Amino acid sequence: MAYKIKLYLETTVFNFYFAEKDGIKRQYTHMLFKAIENGKFDVFVSEYVIGEILRDTSIKSKKMRALIDKYVKNTLYVDQRTLNLADLYIKNGIIPLKYLNDARHIALAAVNKLDFIVTFNMGHIVKPKTMVGTGFVNLLYGYRQIGLCTPTEVIEYGQI
């Protein structure tokens, strides 16, 4: 059996699936979910993703939750290793304390040995400082580097 790439889907991916404008982000998000449906990837979310979606009571939020129920079979839960690793990202100035949950998303993926975090969060996750900084901290503390990318990059990487 071939290795399946393990993806952690961050909240913004579910949001863009239902974007009102039919832009490029929405198109690539739909392509990603088609690939997931075809069994191309193992997909994970966390209690943070579910919590962020449940805090919103809109119709869109209910649709996002249904999307998780349909496509995602694996939910990750925080443990002390995750909290410690996220704190290291904050203490090293890689991610601002104000965006602690972004640090926790990355730490959850690292602790659980996932391959990529897929997100449209370009402000605090998919950016060179975060990629290099979290990769360095992960390696220093015995975890591997996690790919931080958009659905577009995953689709192109997977040559779908």
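**Exercise 1. A patch on the surface**

Which residues form a nonpolar patch on the surface, and with how much accessible area together?

*Solution.* Before starting, note that this is a predicted model, in which local features need pLDDT of at least 70 and side-chain atom pairs count only at pLDDT 80 or more, while totals for chains, interfaces and linings use all residues. Residues are numbered from 1 along each chain as its sequence is written, and side-chain values use heavy atoms, with hydrogens and water left out.

Step 1: recall the rule. Patches are built from residues with over 30% relative accessible area and no salt bridge, nonpolar side chains (Val, Leu, Ile, Met, Phe, Trp, Tyr) being joined within 5 Å and like charges within 9 Å. Areas come from the Shrake-Rupley method with a 1.4 Å probe, and for residues only the protein chains shown count as cover.

Step 2: apply the rule. The patch consists of F136, L140 and Y141, with about 360 Å² of accessible area together.

Step 3: look at one member. L140 sits in helix 7; helices are DSSP runs (H or I, at least four residues) and strands are runs of E (at least two), numbered from the N terminus. L140 is exposed at 54% relative accessibility, where exposed means over 50%, buried under 20% and partly exposed in between (1.4 Å probe, protein chains only).

**Exercise 2. Finding the salt bridges**

Find how many salt bridges the structure has, then examine three pairs.

*Solution.* Step 1: set the criterion. A salt bridge needs a side-chain nitrogen of Lys or Arg within 4 Å of a carboxyl oxygen of Asp or Glu. A search of the whole structure gives 4 of them.

Step 2: take a pair within a helix. E37 and K34 meet at 3.6 Å, N to O. They lie 3 residues apart in helix 2 (residues 24-37), so about one helical turn separates them. E37 is partly exposed at 42%, and K34 is partly exposed at 46%.

Step 3: take R81 and D79, whose closest N and O atoms are 3.0 Å apart. R81 is partly exposed at 43% relative accessibility, as is D79 at 27%.

Step 4: take R144 and D115, joined at 2.7 Å, N to O. This pair links distant parts of the chain, 29 residues apart: R144 is in the loop between helix 7 (128-140) and strand 5 (147-149), and D115 is in the loop between helix 6 (100-111) and strand 4 (116-118). R144 is partly exposed at 36%, whereas D115 is buried at 12%.

**Exercise 3. Reading the sheet**

Work out the strand order of the open sheet, then place strand 1 in it.

*Solution.* Step 1: write the order. The 5 strands run 3-2-1-4-5 with parallel pairing, where two strands pair if DSSP finds at least two bridges between them. Strand 3 (74-76) and strand 5 are the edge strands, each pairing on one side only. From one strand to the next, the twist averages 30°.

Step 2: follow strand 1 to its neighbours. With strand 2 (residues 41-46), strand 1 pairs in the parallel sense over 4 bridges. Here I5 stands opposite F41, and Y8 has F44 as its bridge partner. Strand 1 also runs parallel to strand 4, joined by 3 bridges; L7 has F116 as its partner there.

Step 3: check burial. In strand 1 (residues 5-9), 4 of the 5 residues are buried, so this strand is largely enclosed by the rest of the structure.

How values were computed
Axes fitted to C-alpha atoms, helices over the stretch in contact; angles between N-to-C directions.
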